[in-house]
Amino acid sequence: MKKILIGCLALLLCATIQAQPQKVIKFASEATYPPFEFVQPSGELAGFDIDIARAICAKAELTCTFSNQPWESLIPALRLGKFDAVISSMDITDERKKQVDFSESYFSPSGSFVTHKDAKFSPTLAGLKGKTVGVQKGTTFEKYLGQPQYKDVIKLKTYTNFQGVTMDLKAGRSDIILADTPIVEDWLKNSDESKNFIMVGDPIHDPKILGVGFGIALKKGNTELLEKINQGLAEIKKDGTYQKIFQQYFPHTKLD
Amino acid sequence: MFEGYLPQILAGAWLTMQLAFFSLLLGLVFGLIGAAGQFSRYRIIRRITILFITSICGMPELLVLFIIYFGGTALVTYLAGHYVDVSSFVSGVLGLALIFGAYASQVFRSAFLAVPFGQSEAAHALGLSRWQIFKNIQLPQAWRHALPGLGNLWLVLLKDTALVSLIGLADLMNKTQVAISTTQKPFLFYFTAALIYLVLTSFSQICMKKLNMGANRHLA
Amino acid sequence: MNDIIQHLPELISGLGVTLALMFSALVPAIILALLLTPAARSKHLWLSLPVDGFIFFMRGTPLLVQIFLIYYGSAQFEWVRASFLWVALREPFACATIALALNSCAYTIVLLKGAIQSVPREEITACYALGMSQFLTFWRITLPRAIRIILPAYSNEVVIILKSTSLANTITILDLMGVTNKIAGETYAVIPFLFIAGAIYLALNFVILSAFRSLEKRANVYLYQASQ
């Protein structure tokens, strides 16, 4: 009994102080965000972001692993060094740049509102008065709707993942939701919800809050990896790999 | 019915069991240390132990896990002088073990108090060392007194493992949420998860009853 | 430090939500437990079995699963959303309260059951000998005795519920834990705010346990009088 115990303790300690295996780049992602990142029934991560990261890794000759992590802990844990990079539909914003370094943008985002087909309001400041709006916690959309002009006008509800956002819209606990345009498009198309719900208003582009695009986040000062990733990204854009992946996931969207 | 996600959920359940098992082992050690601390000759050690135990027991389990997850790596890195990774699994085990240990130290404390002091005195008079007395006289008897209390704590521990999904471990709860994110069937999957937890806790209870009977067989 | 002062109002509002959750869960839990305990003790299986099953489920599954089942699980069904239940179930606060109350109720029944069993049999027999009815005996003798017995254990249950309210933040409620997470996400100063939240929870603990200690003293006042 004693030996088993000591053995187990030693094992645990070893696990704690185990040195990082070299050259394996650990990517983290919050994988409940199809088609950008999601978990397949096999348990493996998949999606646009994951394929882009894989392509970059192949070009840069890096061995990469992917893990599913809660959205809110992505930046704090990246800063601590729990993983090397985050690719998770993360907008490059000034605020986040204070915490982490970003690669060049690999996707231009926009946000879209989705509401019930019979809803009798438009997603303007006046139209949203008194409405309950669902967004994912810690996203740029939470920031966007947290602007002073929305304060006391809307009731903002935040969720740890996008599924919570849509489940509550379906359940009628919220009136309207705001999320990345491709995400809501994918949701409406694949879950047969387009008969009840619809995208309303023009897609929102607001570089100041929504950022200039999705970027791969790295711990500050990791310039070596940053250069490799940027180079890899440039290469897959040049040789058409990027375009191919893009067409696979967003066949109806024109790439500009 | 489960749209192919059942193997994933069972894999999650397996991780839940591993987590609970390692946390139990480490937690028992913490519990014994905590009990020893409360019996210390030095007031300062007694005070610190009790303060530590009260703090752990008084904070929400989720908060303890978060503090270990975020604070643990920062602290170990600071102490070591270079970056050291404390993985989610280790943070989870450490956090759960600390919580288990804090409560277990109370159980151990009262269990040791239940062993008549005269026995230790007698053993001492016979020339046994402190360690021998602890190992051969006190521990076997205290163990029997502690078993029911520890059994309850084990059940609490099993259920607390659900919280590690919130620090990014692919346990039963996390896999359930992943399955729901594609299938959009929250009731079905959360209910399945609940049933799996029920199986684990009921099975534990049966084992505990056996263990208890074994420990008390000389009384029968 | 500036961060902390700036976010103080938010923390206080979170604390308010935490306390509101705790009380709105505890009160129905006690009432329901008092109603169900006689059923759990009943000789009739059709009365005791459902209560036992309820206790078995609530004690054997994590609270987090229970909260998600009630909040997200209930919304899966059209008929739930169409029924009067939806008035309550559409509110996250109500869902968290229901989950916490049912959970606490199960544990309280177990405490009460144990306490009632430990009331000396002779006292009850004496009451019957004096001609008191079964109900009167339960109401005037057994229950007050049992409550005195469970007070120390019940204070732990209250602390557990206080700690459990922290799970409400997983269903969009901005309680103390939710607010802490939110601020930590905005400022990225995770660890200081976790410790602040921890200190607040510990202070609440202290208040609860002190309150129960004085309550125990008052409930057992006859013991002190007898010894004087």
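Here are some notes on a predicted model, taken point by point.

1. **Chain C, overall make-up.** Chain C is built from helices: there are 12 of them and zero strands. Read from the N terminus, the order of elements is α-α-α-α-α-α-α-α-α-α-α-α. If you want a feel for its dimensions, the C-alpha trace spans about 70 × 55 × 25 Å along its principal axes.

2. **Chain C, inside and outside.** Chain C has 228 residues, and 46% of them count as buried. Its accessible surface comes to about 11200 Å², with 70% of that belonging to carbon and sulfur atoms. Take the contacts between residues at least 6 apart in sequence: 78% of these join residues at least 24 apart.

3. **Where chain B meets chain A.** How many residues does each chain put into this contact? Chain B gives 28 residues and chain A gives 29 residues. Together the two chains bury about 2600 Å², and 66% of that area is on carbon and sulfur atoms. On the chain B side, the elements that supply two or more residues are α1 (6–38), α3 (61–80), α4 (88–113) and α7 (172–183). Sorted by type, the chain B residues touching chain A come out as 17 nonpolar, 10 polar and one charged.

4. **Polar links across that interface.** Don't go hunting for salt bridges between chain B and chain A, as the rule finds zero. Polar contacts do turn up: the count is three residue pairs, with both residues at pLDDT 80 or more.

5. **S165(B).** This serine sits in the loop between α6 (130–160) and α7 of chain B. Is S165(B) buried or exposed? S165(B) counts as buried because its relative accessibility is 6%, and the cut-off for buried is under 20%. Its contacts, setting aside neighbours within four places in sequence, take in three chains' worth of names. From chain B itself they are D171(B), M173(B), N174(B) and Q177(B). The list also has P70(A) from chain A and L64(C) from chain C.

6. **P251(A).** Over in chain A, P251(A) lies in the segment after α10 (241–249). With a relative accessible area of 45%, P251(A) is partly exposed, since that label covers values between the 20% limit for buried and the 50% limit for exposed. As for where P251(A) stands relative to G215(A), the two are 36 residues apart in sequence, and their C-alpha atoms are 21 Å apart in space.

Note on methods
Residues numbered from 1 in each chain as written. Chains lettered and ligands numbered in written order. Predicted model: local features only at pLDDT ≥ 70, side-chain atom pairs only at ≥ 80, totals over all residues. Heavy atoms only, no water. Contact = heavy atoms within 4.5 Å. Buried area = accessible area lost by both parts, 1.4 Å probe. Salt bridge = Lys/Arg side-chain N within 4 Å of Asp/Glu carboxyl O. Polar contact = N/O pair within 3.5 Å; in protein donor to acceptor, adjacent residues only side chain to side chain. Helix = DSSP H or I, 4+ residues; strand = E, 2+ residues; numbered from the N terminus. Nonpolar A, V, L, I, M, F, W, Y, C, P; charged D, E, K, R; others polar. Buried < 20%, exposed > 50% of the residue type's maximum accessible area, 1.4 Å probe, protein only. Areas by Shrake-Rupley, 256 points an atom, 1.4 Å probe, with all protein chains shown as cover.
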